[in-house]
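Visitor: Hi, I'd like a quick tour of a structure. Can you put it up?

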Protein chains: 2
Amino acid sequence: MAQEQHISFETALAWTAQRVEAELDRLLPARAGDRLRDAMRYASLGQGKRLRPFLVMQSAALFGQPEAQALRVAAALECVHCYSLVHDDLPAMDNDDLRRGQPTTHRKFDEATAILAGDGLLTFAFEIVADVATHDDPAIRSALVLELARASGEAGMVGGQMKDIEAEAGGFASYAAIAAMQGMKTGALFRFACEAGAIMAGADRAPLRQYAEHVGLAFQIADDILDVESDAATLGKATGKDRDRGKATFVDFLGLAGAKAEAARLTDAAVTALAPYGERAQLLRETARFMITRKK
Amino acid sequence: MAQEQHISFETALAWTAQRVEAELDRLLPARAGDRLRDAMRYASLGQGKRLRPFLVMQSAALFGQPEAQALRVAAALECVHCYSLVHDDLPAMDNDDLRRGQPTTHRKFDEATAILAGDGLLTFAFEIVADVATHDDPAIRSALVLELARASGEAGMVGGQMKDIEAEAGGFASYAAIAAMQGMKTGALFRFACEAGAIMAGADRAPLRQYAEHVGLAFQIADDILDVESDAATLGKATGKDRDRGKATFVDFLGLAGAKAEAARLTDAAVTALAPYGERAQLLRETARFMITRKK
């Protein structure tokens with residue numbers, strides 16, 4: 001039974017990834033000779049796990065929201081996520097040549113094009129969400145824009161990335177300091193993803209917010225564990241970069257065993273937070289477990 | 001009388017600039033030790049003419065929209081404009097060291113901080129507009145977000161910047177080709193600025209759209225004229241850069257006298273488009289004339 005559910009989660013994840021891919025392809029169709037569009041497609045279409053979109057779709061399903069509308073929210077969020085990868089990979093930032101086993105956008109095109117493709121994807125996310133096709137109620141569309149902007153901006157992802165860069169100089173002082181940074185850099189978009197369905201339904205977001213905070217942190221701790229235990233071929237990107245830069249990771253503060261225990265504890269807490277939704281949240285429970293069992 | 005009106009326009013422009021400055025300062029208050037906030041303030045507060053915000057305020061006044069709400073739309077638009085300057089100035093783009101006589105953001109801070117400050121300002125613009133304080137009607141807020149995103153993104157400013165960069169290789173083939181690029185790069189934000197009041201009021205935007213298209217192009221032609229006739233000390237930025245890069249400008253296709261004549265013709269057309277608004281549009285008429293009489 002556990003095995004059957006595991007398969008069902010993987011299938012659901014793969015199925016959602018395919019649908020998000022198709023939605024992005026539909027929203028950003030190929031246009032011959034359009035370099036910016038090419039770069040935006042290169043940056044957003046491809047091999048991602050589409051974890052955030054999957055969370056959006058599961059959250060929306062909890063509240064019986066129409067799939068076509070949820071898919072737009074999922075695609076918008078993925079545009080924000082993908083833009084952030086493009087900008088984070090730039091030479092002035094993390095200077096990465098490889099992303100998901102492929103050349104990063106500035107390597108495939110050039111830096112200027114990558115900057116603009118990122119800007120274009122971020123802007124497009126808000127265009128998608130504000131469009132009437134995303135929700136019939138304009139108050140909900142406005143709420144989605146507001147929450148997506150807060151999650152993506154200075155108080156969320158962009159602010160977290162700044163703190164992460166600043167830490168390269170001084171390092172993080174504690175587990176709490178890294179957790180705070182990751183709560184902004186990675187956690188904020190996870191929160192939006194998990195809450196999206198409740199926002200769309202005008203429902204209480206508190207349980208999903210709790211779930212998201214635990215899942216987001218578990219995801220990031222698992223990332224640091226993978227960075228220690230995995231290799232570039234599996235991850236599709238360079239490993240050990242944080243350590244090479246002398247930047248502290250969760251593993252440094254907790255140890256490898258401690259990090260695994262903390263990730264497991266957070267996963268349990270995430271599952272507990274889903275209690276109000278009963279059986280309907282089964283896939284979200286499995287998502288929480290996937291965060292720490294995934295191999296890349 | 002004409003002299004008196006001229007003074008009144010300059011006064012109105014300066015007064016709006018002060019209020020937009022105060023609004024941005026209020027929306028992005030200084031925070032000790034916050035490098036990202038410092039960079040976002042550095043990039044958005046300062047000596048700009050605040051032409052786009054002025055157009056927003058005048059457009060809103062035409063339709064009797066509350067000033068406090070219009071000021072938020074104006075501030076959001078200025079955040080988009082300022083982010084675009086920060087990213088355009090980056091080494092991978094125009095590689096400018098000077099902006100309004102001051103070091104560009106990546107020179108004052110560093111490239112990574114400048115990229116993130118730009119991302120943060122763009123994101124913040126949508127947060128401002130989607131907030132209930134910007135308009136009581138969520139349908140209007142959604143419409144503002146949608147139009148601002150369209151004006152700023154791939155079909156507007158970002159797409160125009162990409163076309164401008166691509167032209168450095170091949171050059172522009174014609175006046176029409178430059179005008180099309182500038183219609184996206186500069187014109188789209190001007191259109192949003194001029195239409196903002198009509199969007200806020202749910203009114204017909206057609207006359208303001210016509211006005212905006214003429215004014216936006218006149219502004220850009222005037223820029224090319226200033227680039228030929230002025231010097232760095234007056235402009236606060238390097239002159240002749242387009243020519244140095246072998247990139248064709250409006251002046252190349254029209255000649256200096258022809259460019260001046262075309263700018264004047266566009267200004268007249270802009271003024272004509274304002275006919276439906278009668279005397280109430282007096283400051284917008286003077287704005288059109290200012291586009292081609294300004295010295296920087």
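Guide: We'll look at the two chains together, then a helix pair, then a single residue. Keep in mind that this is a predicted model.

Visitor: Okay, chains first. How many residues does each chain give to the contact?

Guide: Chain A gives 38 residues, and chain B gives 38 residues.

Visitor: Which elements of chain A give two or more residues to that side?

Guide: They are helices H2 (35-44), H6 (111-130), H7 (138-152) and H8 (157-170) of chain A. The largest share comes from H6(A), with 12 residues.

Visitor: What classes of residue are on the side of chain A that touches chain B?

Guide: There are 20 nonpolar, eight polar and 10 charged residues.

Visitor: What turn lays chain A on chain B?

Guide: A turn of 180°, with a shift of 0.0 Å along the axis. The RMSD of that fit is 0.0 Å. The two copies are therefore related as by a two-fold rotation axis.

Visitor: And how much of chain A's contact surface recurs in chain B?

Guide: 100% of the contact residues of chain A recur in chain B, so the same surface serves both copies.

Visitor: New topic. How do H4 and H7 of chain B cross?

Guide: H4 covers residues 67-89 of chain B, and H7 covers residues 138-152 of chain B. Their axes come within 11 Å and cross at roughly 25°. Angles under 35 degrees count as roughly parallel, so H4(B) is roughly parallel to H7(B).

Visitor: Is that crossing left-handed or right-handed?

Guide: H4(B) passes H7(B) in a right-handed crossing.

Visitor: Which residues meet there?

Guide: From H4(B), they are Val73(B), Ala76(B), Leu77(B) and Val80(B). From H7(B), they are Leu144(B), Leu148(B) and Ser152(B). Six residues of this contact are nonpolar, one is polar and none is charged.

Visitor: Now one residue. Where is Ala114(B)?

Guide: Ala114(B) is in helix H6 of chain B, residues 111-130.

Visitor: Is Ala114(B) buried or exposed?

Guide: Buried, because Ala114(B) has 25 C-beta neighbours inside 10 Å. The cut-off for buried is 20 or more.

Visitor: What does Ala114(B) touch?

Guide: Leaving out residues up to four places away in sequence, Ala114(B) touches Ala39(B), Val86(B), Leu90(B), Thr105(B), His106(B) and Phe109(B).

Visitor: And how far apart are Ala114(B) and Phe250(B)?

Guide: In sequence, Ala114(B) and Phe250(B) are 136 residues apart. In space they are 30 Å apart, C-alpha to C-alpha.

How values were computed:
Residues are numbered from 1 along each chain as its sequence is written. Chains are lettered from A and ligands numbered from 1 in the order in which they are written. This is a predicted model: local features need pLDDT of at least 70, side-chain atom pairs count only at pLDDT 80 or more; totals for chains, interfaces and linings use all residues. Axes are lines fitted to C-alpha atoms, for helices over the stretch in contact, and angles run from 0 to 180 degrees between N-to-C directions. Helices (H or I, at least four residues) and strands (E, at least two) are DSSP runs, numbered from the N terminus. Angles under 35 degrees count as roughly parallel, over 145 as roughly antiparallel, 65 to 115 as roughly perpendicular and the rest as oblique. A crossing is left-handed if the near helix is turned anticlockwise from the far one by less than a right angle, and right-handed if clockwise. Two residues are in contact if their C-beta atoms, placed from the backbone, lie within 7 Å. Ala, Val, Leu, Ile, Met, Phe, Trp, Tyr, Cys and Pro count as nonpolar, Asp, Glu, Lys and Arg as charged, and the others, Gly among them, as polar. Copies are superposed by least squares on the C-alpha atoms of residues with pLDDT of at least 70 in both. A residue is buried if 20 or more other C-beta atoms lie within 10 Å of its own, exposed if 12 or fewer, and partly exposed in between; C-beta atoms are placed from the backbone.
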